[in-house]
Amino acid sequence: MNAVTKTSYAPNLKFSHMGFATSDLAAMEDFYTRVLGFSVTDRGEVLGMSLVFLSRDPDDHHQLVLVSGRPDDLPANPYHPQFGCVINQISFKVSSLQELRKLNDIFLKEGVKNMMPSNHGIAYSIYCHDPDGNNLEFFVDTDWYFPQPFLIPLDFSKSDEEIVKETEEFSRQQPGFEPYPEWRARFGGIMNLYRPQA
Ligand SMILES: [Fe+2]
């Protein structure tokens, strides 16, 4: 198990959103709204930059901000071109393996680039690139935990039932395996949880 370091005072906070620079604001807005279903909650100019605010949750005015100004000549990740040179991945949770399979079909139809369906044992996922080449991940958790990282190809030519059955089988054989609910209960007890205040 990883060591968990606690500060003497943990601020009451929760991760909320991120923004990234884009070289093609229109193509990026189209992809995130039309293909991924985000709503534009605001747009405008500040400090010489054009911004588009995107959300799929009214509790967050924005979950993503697209901002003009991405340089054209960013270097590739020296270890693996799938992953970003600075932002390794931007990851979205989906509701089920069936939903992930639907997304796979949509991405194939849309001609989404660098698709890499992957099985982490603890999650099924599709990595792919958005129009700017940022590495995105779409994933659904399984019911099983074992120490990460772990990555093998996810084969969508198999049925959902086959995928789930063989994933459970190899997950249970891994050292450090435990049912994911037990892992969550254990880590929930040692993490600094955000507490909403009135
Ligand atoms: Fe991930």
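This passage describes the two domains of a predicted model, the contact between them, and selected features of its strands and loops.

In the predicted model, the domain assignment divides the protein chain into domain 1, residues 16-70, and domain 2, residues 82-198. The C-alpha centres of these two domains are separated by 24 Å. Domain 1 contributes 16 residues to the contact, and domain 2 contributes 13 residues. Between them the domains bury about 1100 Å². Carbon and sulfur atoms account for 67% of this buried area. On the side of domain 1, Phe31, Val35 and Arg70 together provide 36% of the area buried against domain 2. No other three residues of domain 1 supply as much.

Polar interactions also occur between the domains. Six residue pairs are in polar contact across domain 1 and domain 2, counting pairs in which both residues have pLDDT 80 or more. Two elements, β1 (18-22) and α1 (25-35), each give two or more residues to the side of domain 1 that touches domain 2. Helix α1 supplies the largest share of that side, with six residues. By residue class, the side of domain 1 that touches domain 2 comprises eleven nonpolar, two polar and three charged residues.

The count of salt bridges between domain 1 and domain 2 is one. Arg34 and Glu110 form a salt bridge in which the closest N and O atoms are 2.8 Å apart. Side chains of opposite charge can pair when their charged atoms come close. The Arg34 and Glu110 pair joins distant parts of the chain, as Arg34 belongs to helix α1 and Glu110 to helix α2 (residues 97-110), with their positions 76 residues apart in numbering. The count of salt bridges in the model comes to eleven.

Strands β2 (residues 39-46) and β3 (residues 49-55) are paired antiparallel through seven bridges. Within this pairing, Glu45 has Ser50 of β3 as its bridge partner. The two strands form a hairpin, with two residues separating β2 from β3. Leu47 is located in the loop between these strands. Its phi is positive, at about 50°, although Leu47 is not a glycine. Most residues other than glycine have a negative phi, and most peptide bonds are trans.

A further set of strands forms an open sheet. This sheet contains five strands in the order β5-β8-β7-β6-β10, and its pairing is mixed. Strands β5 (90-93) and β10 (152-153) are the edge strands, each pairing on one side only. Within the sheet order, β7 and β6 stand next to each other. Strand β6 (residues 113-119) runs antiparallel to strand β7 (residues 123-129), and five bridges join them. Lys113 is placed opposite His129 of β7. In a regular strand the side chains alternate between the two faces of the sheet.

A cis peptide bond is found between Gln148 and Pro149, with omega of about 10°. Pro149 lies in the loop that connects β9 (144-145) and β10. Strand β10, which follows this loop, is one of the edge strands of the five-stranded open sheet.

Technical notes:
Residues are numbered from 1 along each chain as its sequence is written. This is a predicted model: local features need pLDDT of at least 70, side-chain atom pairs count only at pLDDT 80 or more; totals for chains, interfaces and linings use all residues. Side-chain values use heavy atoms; hydrogens and water are left out. Domain bounds come from an automatic or database domain assignment. Contact means heavy atoms within 4.5 Å. Buried area is the accessible area (1.4 Å probe) that two parts lose on being put together, summed over both. A salt bridge is a side-chain nitrogen of Lys or Arg within 4 Å of a carboxyl oxygen of Asp or Glu. A polar contact is a pair of N or O atoms within 3.5 Å; within protein, one must be able to donate a hydrogen and the other to accept it, and residues adjacent in sequence count only if both atoms are side-chain atoms. Helices (H or I, at least four residues) and strands (E, at least two) are DSSP runs, numbered from the N terminus. Ala, Val, Leu, Ile, Met, Phe, Trp, Tyr, Cys and Pro count as nonpolar, Asp, Glu, Lys and Arg as charged, and the others, Gly among them, as polar. Two strands pair if DSSP finds at least two bridges between them.
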